[in-house]
Amino acid sequence: MRSTEEPVPVAGSPAEAAAAGDTSKSAGFCTGTGAARPGPLQQLHRIALVDVNSFYVSCERAFDPALAGIPVVVLSNNDGCVVARSDEAKALGIKTGEPWFKLADAAPHLGLVQRSSNYELYGDLSSRVMELLGRYALWQEVYSIDESFLGLAGTAEELDTQGADIRAAVARHTGLPVCVGIGTTKTLAKFANRIAKQNKHLGGVCSLDTMDPEVVETIMSRVPVTGLWGVGAKLGKRLGALGIRSVADLKAADPALIRSRFSVTLQRTVLELNGTSCLPLEEERADRQQLIFSRSFSVPVTTAAEMRQVMSIYAQQAAARLEREGQQARVLTAYAGTSHFSQKAASFPSVTVRLQSPTSDPVVLTRAAVGALEDSILEGVPYTKAGVMLSGLSDAGAQPVFDEFVSAHEHRHIGELLGKVADKYGAASIGLGLAGLSSTKPDWTMSRKFFSPRYTTDWDELPVVRAR
DNA sequence: GAGGTACAG
DNA sequence: GGTTCTGTACCTC
């Protein structure tokens, strides 16, 4: 969902490519498939990378046709900054990360429409897309909320057709637009996906196998190296100093040199660009290593009493997630911080405590989080964010725990009980101590002024269709 | 092993 | 006045 560079046009033929100015490479240059162009009947096993265009914006559009064809942005928590943009918003020059307060006044004149992010909706649509994609593939790796690697097989022509079929199916069943990139390695599939996204005339599918190798080479010589998966701004700058500016430059670089001057990660990128797979397929999601519940406040928290309430609520949220995933934590870190944008005395208290034994018990974790920051919070300091991090994670029940180390209430499985109640009656229905029932929300809680309904996950917010 | 940096989405 | 959140890998010490 990141795209800051200018689109790179794709030439339609080698002749066009040459006419467009790049004649520096020979016709026989390796294309990354590691072999000559495949014959028309050759069975190929390939990796596809499917992702949803401007995912959050597309989710909003799927339920609100008025958003089609106009500039739309989706904002981060507290409506702080832009996290997703429609093509029309990109065309207006709006950048990811741009603070909303700088856009708000101009928005009506620009015809720009904004939405608060609605992760419940996006998560639900994501599951539907992923389930659908899995039906089209030999294997599937769900890589992010809006991306999946898929294993496809067939002739070059059949791969193109499958890509088109996948696009049509997702559009029909979810209303979301996707692009499909196909290549021999994950890095090349990602690259192909980018080409598909930036060149509308390809119809949303780009399979490197069916393209003329010279055309591929031309494209690679024009896409900046920072357009590659894993190459960000910092690396781009360092590479540029060595004269490596385009994807083609990096592909032609000596892997050993890249390994010594940079990292094994970038060396893998070079190898993958040349058709050697270095990144394993990860169909099974690895157990997570840490879990963070962190939020900025809508208005600063300035008292220790308020911060205790923050810690209580955040710790219970973290505990609930841990419980749901069947994991336990050995270490808890509680932290808070003042604004990075204020010149006044900055303060970032952070306290880590090792728990007696691995646990997901909300009573233990809440007590630990509230206690951890007790002595570090100064009255009157304007804290703008806080968080609870759980680490040293293990599978619940993976190792036996000496009974003496388990507190009495843990035997009563309070976390499990709270989870069941919350599932049935909503997250706000139950809580411990300072997170418990209260008629009004604390005023530091997240604000989302442009929130759309949770169309697919709440009976009270279903979309209404009228016919006559 | 801790802490910092970089990257991704 | 106001600028997200979550997670991993690698490097250095």
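A polar contact is a pair of N or O atoms within 3.5 Å, and the legends below apply this to a predicted model.

**View 1. Polar contacts between the protein and DNA strand B in the predicted model.** An N or O atom in the side chain of K234 is 3.1 Å from a phosphate oxygen of DNA strand B, whereas G230 uses a backbone N or O atom, which lies 2.7 Å from a phosphate oxygen of the strand. D146 takes part through its side chain, where an N or O atom is 3.2 Å from a sugar or linking oxygen of DNA strand B. Two elements, β5 (140-144) and α9 (233-241), give two or more residues to the surface near the strand.

**View 2. The protein surface near DNA strand B.** DNA strand B is surrounded by 15 residues, and the closest of these are K190, G230, V231, K234 and L235. When this surface is sorted by class, it has seven nonpolar, five charged and three polar residues, and the element that gives the most to it is α9, with three residues. Which parts of DNA strand B supply its atoms within 4 Å of the protein, sugar or phosphate on the one hand, or bases on the other? Of those atoms, 100% belong to sugar or phosphate.

**View 3. The packing of helix α2 on helix α5.** Helix α2 (residues 55-63) packs against helix α5 (residues 119-134) with the two axes 10 Å apart and at an angle of about 90°, and α2 and α5 are therefore roughly perpendicular to each other. On the α2 side the contact is made by F55, Y56, C59, E60 and F63, which meet Y119, L121, Y122, L125 and S126 of α5. Divided by class, the residues of this contact are eight nonpolar, one polar and one charged.

**View 4. The open sheet of five strands and the helices beside it.** The strands follow the order β5-β6-β1-β7-β8, and their pairing is mixed. At the edges stand β5 and β8 (205-207), each of which pairs on one side only, and neighbouring strands of the sheet are turned against each other by 20° on average, with direction ignored. Within the sheet, β1 (residues 44-52) and β7 (residues 178-183) pair in the antiparallel sense over six bridges, with A48 standing opposite I182 in β7. Helix α5 packs on the sheet, where it touches β1, β5 and β6 (147-154), and its direction makes about 155° with that of β5. Helix α7 (residues 186-198) lies across β1, β5, β6, β7 and β8, and runs at about 140° to β7.

Key: Residues are numbered from 1 along each chain as its sequence is written. Chains are lettered from A and ligands numbered from 1 in the order in which they are written. This is a predicted model: local features need pLDDT of at least 70, side-chain atom pairs count only at pLDDT 80 or more; totals for chains, interfaces and linings use all residues. Side-chain values use heavy atoms; hydrogens and water are left out. A residue is near a molecule or strand if one of its heavy atoms lies within 4 Å of it. A polar contact is a pair of N or O atoms within 3.5 Å; within protein, one must be able to donate a hydrogen and the other to accept it, and residues adjacent in sequence count only if both atoms are side-chain atoms. Helices (H or I, at least four residues) and strands (E, at least two) are DSSP runs, numbered from the N terminus. Ala, Val, Leu, Ile, Met, Phe, Trp, Tyr, Cys and Pro count as nonpolar, Asp, Glu, Lys and Arg as charged, and the others, Gly among them, as polar. Axes are lines fitted to C-alpha atoms, for helices over the stretch in contact, and angles run from 0 to 180 degrees between N-to-C directions. Angles under 35 degrees count as roughly parallel, over 145 as roughly antiparallel, 65 to 115 as roughly perpendicular and the rest as oblique. Contact means heavy atoms within 4.5 Å. Two strands pair if DSSP finds at least two bridges between them.
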